[in-house]
Amino acid sequence: MSPSIRRRFLGNSIAFIGLAGAACAGAWAQPAYPARSVTIVVPHPAGGSVDSVARLYADKLRDTLGVAVVIENRAGASGMIGAEYVARAAPDGYTLYLNASIHSINPLLYRKMKFDAVRDFTPVSLLAQGALIFSVNPQVPANTVQELVAKVRATPDKYNFVTSGYGSAGHLGIAQFLHENQLTGMPLALYKGSAPALTDLVGGQVSAMMDPFLSSLPYVKAGKLRALAVTGRERSPLLPDVPTLRESGMKDFELYSWYGLWAPAKLPAPILDLLQESSAKIMALPEIRARLATFGFDPAYKNSADFAKFIDAETLRYKGVIEAAHIAIE
């Protein structure tokens, strides 16, 4: 074979190998994310505040990603059943997790958990937060927080308090309220969700509760519950005549339930970037902000890094409340 023919043969062979390699690489390359439906696991029953925020978010995420976004309710064990499921899922962006502040409270209350609430998750974005309503059954003879405290001190056997779940923001709020007013001996009924707790509060089986606006406000508006205070720093435009707990004599009291999005640990950076950018766009939409306002929530978007810092700060604050109120560690 002449040198010129040899050069042409080798050149054609190298070109062929290059094309074949490119074809193989294309065949083995992973499809761009997302290539199929995305599931958001909600570790609470349908109809509650977490579920409502998740469905509102999922509707817009569907538009942003261009694929189906499915809500899967995996309730139980103060949200830990759903959390464990997500912690064991593949970090491919197809299984996400939307929960409230209870995700950061549970590790402070439970000694034995089957997952690590920090190491087993990638914080994607903080989405929203909202104050709680402190309400009583209308038969309770108190129109203010101060009157309620006085009545409970005078006849403690006539009153009891309720929370929608162990470790919820409402649980910590009631515990802090009882502690700061020297009412730590009062019974606290623990329910599995807002719906049954509110049913008994409206029915008079229990006396008082702190609960998100979304679930409690309809009862307040209907006169089935009496709102004594809200837990935020400022009054709510939904209940402008109801004072804050700070205005009611508890000068340092400020409590919110917040809602965030997580993924399993080690989520690839490109997928994380896409999801947090999607969250930023969604939470800035006027229709989302307006809808959240009817829930008593405010958009509170933070990206992944800022959300992680926020979680650390909130966990430290919750730890202080739990230790001060002597909430039992299980």
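The following exercises, each with a worked solution, concern a predicted model of a protein.

**Exercise 1. Determine how many helices and strands the protein has, and decide whether its fold is spread out or compact.**

Solution.
Step 1. The protein contains eleven helices and ten strands.
Step 2. Its radius of gyration is 25 Å, whereas the globule rule gives 20 Å for 330 residues. The value is well over the rule, so the protein is more spread out than a compact globule.
Step 3. The extents of the C-alpha trace along the principal axes are about 110 × 40 × 30 Å.
Step 4. Of the contacts with a separation of 6 or more, 76% are between residues 24 or more positions apart.

**Exercise 2. Describe the surface of the protein and its charged side chains.**

Solution.
Step 1. About 15700 Å² is exposed, and 56% of this area comes from carbon and sulfur atoms.
Step 2. Among the 330 residues, 49% count as buried.
Step 3. There are 32 positive and 27 negative side chains. The centres of these two sets are 6 Å apart.

**Exercise 3. Establish where T122 lies, whether it is buried or exposed, and which residues it touches.**

Solution.
Step 1. T122 belongs to strand β4, which covers residues 121-136.
Step 2. The relative accessibility of T122 is 10%. Buried means under 20%, so T122 counts as buried.
Step 3. Leaving out residues up to four places away in sequence, T122 touches L261, W262, A263, P264, A265, K266, L267 and L272.
Step 4. One of these residues, K266, also takes part in a polar contact: its backbone nitrogen lies 3.5 Å from the side chain of T122.

**Exercise 4. Analyse the surroundings of N303, including its separation from V124 in sequence and in space.**

Solution.
Step 1. N303 sits in the loop between β10 (298-302) and α11 (304-325).
Step 2. With a relative accessible area of 28%, N303 is partly exposed, because that class lies between the 20% and 50% limits.
Step 3. N303 and V124 are 179 residues apart along the sequence, yet their C-alpha atoms are 6.6 Å apart.
Step 4. Outside the four places on either side in sequence, N303 touches V124 and Q276.
Step 5. A polar atom of the N303 side chain is 2.9 Å from the backbone nitrogen of D306.

**Exercise 5. Identify which peptide bond is cis at P34, and compare the settings of S78 and Q182, two residues with positive phi.**

Solution.
Step 1. The bond joining Y33 and P34 is cis, with omega about -5 degrees. P34 lies in the loop between α1 (3-28) and β1 (38-42).
Step 2. S78 has phi near 55 degrees, a positive value in a residue other than glycine. Its loop runs between β2 (69-73) and α3 (80-87).
Step 3. Phi of Q182 is likewise near 55 degrees. Q182 is in the loop between α6 (169-180) and β6 (188-190).
Step 4. S78 counts as buried at 18% relative accessibility, whereas Q182 counts as exposed at 59%.

**Exercise 6. State whether I105 is buried or exposed, and list the residues that it touches.**

Solution.
Step 1. I105 is part of helix α4, residues 102-109.
Step 2. Its relative accessibility is 0%, so I105 counts as buried.
Step 3. Apart from residues up to four places away in sequence, I105 touches G167, S168, A169, L172, Y318 and I322.
Step 4. For L172, the separation from I105 is 67 residues along the chain and 9.1 Å between C-alpha atoms.

**Exercise 7. Characterise the loop residues S248 and A89 by location, accessibility and contacts.**

Solution.
Step 1. S248 is in the loop between β8 (226-230) and β9 (256-264), and A89 is in the loop between α3 and β3 (95-100).
Step 2. S248 counts as buried at 9% relative accessibility. A89 is also buried, with a relative accessible area of 18%.
Step 3. Residues up to four places away in sequence are set aside for the contacts. S248 touches V145, Q146, A229 and P243, while A89 is in contact with T95 and P264.
Step 4. A89 and G203 are 114 residues apart in sequence, and their C-alpha atoms are 42 Å apart.

Definitions and conventions:
Residues numbered from 1 in each chain as written. Predicted model: local features only at pLDDT ≥ 70, side-chain atom pairs only at ≥ 80, totals over all residues. Heavy atoms only, no water. Helix = DSSP H or I, 4+ residues; strand = E, 2+ residues; numbered from the N terminus. Rg over C-alpha atoms; globule rule 2.2 N^0.38 Å. Buried < 20%, exposed > 50% of the residue type's maximum accessible area, 1.4 Å probe, protein only. Contact = heavy atoms within 4.5 Å. Areas by Shrake-Rupley, 256 points an atom, 1.4 Å probe, with all protein chains shown as cover. Lys, Arg positive; Asp, Glu negative; His and termini not counted. Charge placed at Lys NZ, Arg CZ, Asp CG, Glu CD. Polar contact = N/O pair within 3.5 Å; in protein donor to acceptor, adjacent residues only side chain to side chain.
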